[in-house]
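Trainee: Hey, got a minute to look at a protein with me? I'd like to go through the rings and the sheet.

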Amino acid sequence: MRQFGLIGRTLSHSFSQTYFTQKFYSLGLGDHQYELFELASVNELPGLLAAHPDLVGLNVTVPYKESVMLYLDELAPSATRVGAVNVIERTPDGRLRGHNTDYIGFRESLRRFFPLRPEARALVLGTGGASKAVAVALQELGIAYWTVSRDPLGAGLTYADLTPQLLAAHPLIINATPLGTFPRTDECPPLPYAALTEQHYLYDLVYNPAETLFMLKGKEAGAQVKNGFEMLCLQAEAAWEIWNGR
């Protein structure tokens with residue numbers, strides 16, 4: 001049996017198990033299994049690995065994308081560059097190697113959604129592991145950006161800084177926070193949504209629900225919107241390549 005899984009604190013919203021279970025079925029891989037492992041703390045990871053010797057690959061979701069790095073033997077260049085891990089590879093000799101495929105999935109999905117141009121500017125909502133992956137993708141695409149958080153002592157902007165003039169200068173807005181994720185679907189980042197226009201593109205990394213409140217408010221203002229489902233699929237395929245040594 002080759003076993004894979006997802007670790008995080010709350011996983012009821014996740015589509016990863018369904019995605020990989022369908023993939024294994026379509027490929028005729030009856031000896032492959034994907035499970036959800038809810039961990040109250042990331043320090044439960046060693047015990048999980050000891051209890052599941054057949055685990056050869058893990059996905060990592062909030063809130064452990066950064067803290068999990070302390071439990072790994074080595075980091076791939078992608079994880080080092082991003083500063084967060086969303087894929088763990090268990091090598092044949094038992095070592096744990098961390099990778100980041102979030103930035104690959106987001107980068108390729110954004111190419112299909114946002115018209116790239118030299119003067120493009122973006123706002124990245126959130127400062128966690130997902131935000132770091134988004135930042136690396138934007139750097140590779142040559143898109144200047146500001147990060148936005150609630151912390152007035154942070155390195156970027158706060159939500160209070162988001163004036164209509166600032167939004168007008170940043171047509172791409174990316175929600176890299178968990179706000180709006182099922183079951184708390186009535187939440188959204190505190191933006192001045194009335195300042196959005198048809199020139200704006202709103203990308204939400206959340207994919208459950210398919211249309212978040214962030215996206216709905218953007219659509220009502222005439223903006224183009226997209227959820228994170230395509231990113232999920234693209235990063236999952238990149239993880240599958242890693243787990244199979246490609």
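Mentor: Sure. One term before we start: a residue is called buried when its relative accessible area is under 20%. Keep in mind, too, that this is a predicted model.

Trainee: Okay, so are Phe 20 and Phe 24 buried or exposed?

Mentor: Both Phe 20 and Phe 24 are buried. For Phe 20 the relative accessible area is 1%, so it falls under the 20% cut-off.

Trainee: And where do those two sit in the chain?

Mentor: They're in helix α1, which covers residues 16-26. Phe 20 and Phe 24 are 4 residues apart there, so about one helical turn separates them.

Trainee: Back up a bit, how many aromatic pairs are there?

Mentor: The count comes to 15 aromatic pairs. One of them is Phe 20 with Phe 24: the ring centres are 6.1 Å apart and the planes are at 40°, so that pair is tilted.

Trainee: How do the rings of Phe 20 and Tyr 34 sit, then?

Mentor: Those two are stacked, because their planes are at 10°, and their centres are 4.9 Å apart. Phe 20 is in helix α1 while Tyr 34 is in strand β2 (residues 32-38), so the pair ties together parts that are 14 residues apart in sequence.

Trainee: Is Tyr 34 buried or exposed?

Mentor: Tyr 34 counts as buried, at 2% relative accessibility.

Trainee: Which residues form the aromatic cluster?

Mentor: Phe 20, Phe 24 and Tyr 34 are among them, along with Phe 4, Phe 15, Tyr 19, Phe 229, Trp 240 and Trp 243.

Trainee: New topic! What order do the strands of the open sheet have?

Mentor: Its 6 strands go β9-β8-β7-β10-β11-β12, with parallel pairing. At the edges are β9 (157-158) and β12 (224-226), each pairing on one side only.

Trainee: How many bridges join β10 to β11?

Mentor: There are 4 bridges between β10 (residues 172-175) and β11 (residues 201-204). For example, Leu 172 has Tyr 201 of β11 as its bridge partner.

Trainee: Which helices pack on the sheet?

Mentor: Helix α4 (residues 102-111) does, touching β10, β11 and β12, and its direction makes about 150° with that of β11. Helix α7 (residues 213-220) packs on the sheet as well, touching β7, β10, β11 and β12. For α7 the angle with β11 is about 170°.

Trainee: Last one: what sits over the ring of Tyr 193?

Mentor: That's the charged end of Lys 217, 5.4 Å from the ring's centre.

Terms used:
Residues numbered from 1 in each chain as written. Predicted model: local features only at pLDDT ≥ 70, side-chain atom pairs only at ≥ 80, totals over all residues. Heavy atoms only, no water. Pairing = 2+ DSSP bridges. Contact = heavy atoms within 4.5 Å. Axes fitted to C-alpha atoms, helices over the stretch in contact; angles between N-to-C directions. Phe/Tyr/Trp six-rings, centres within 6.5 Å; stacked < 30°, edge-to-face > 60°. Buried < 20%, exposed > 50% of the residue type's maximum accessible area, 1.4 Å probe, protein only. Lys NZ or Arg CZ within 6 Å of the ring centre and 35° of its normal.
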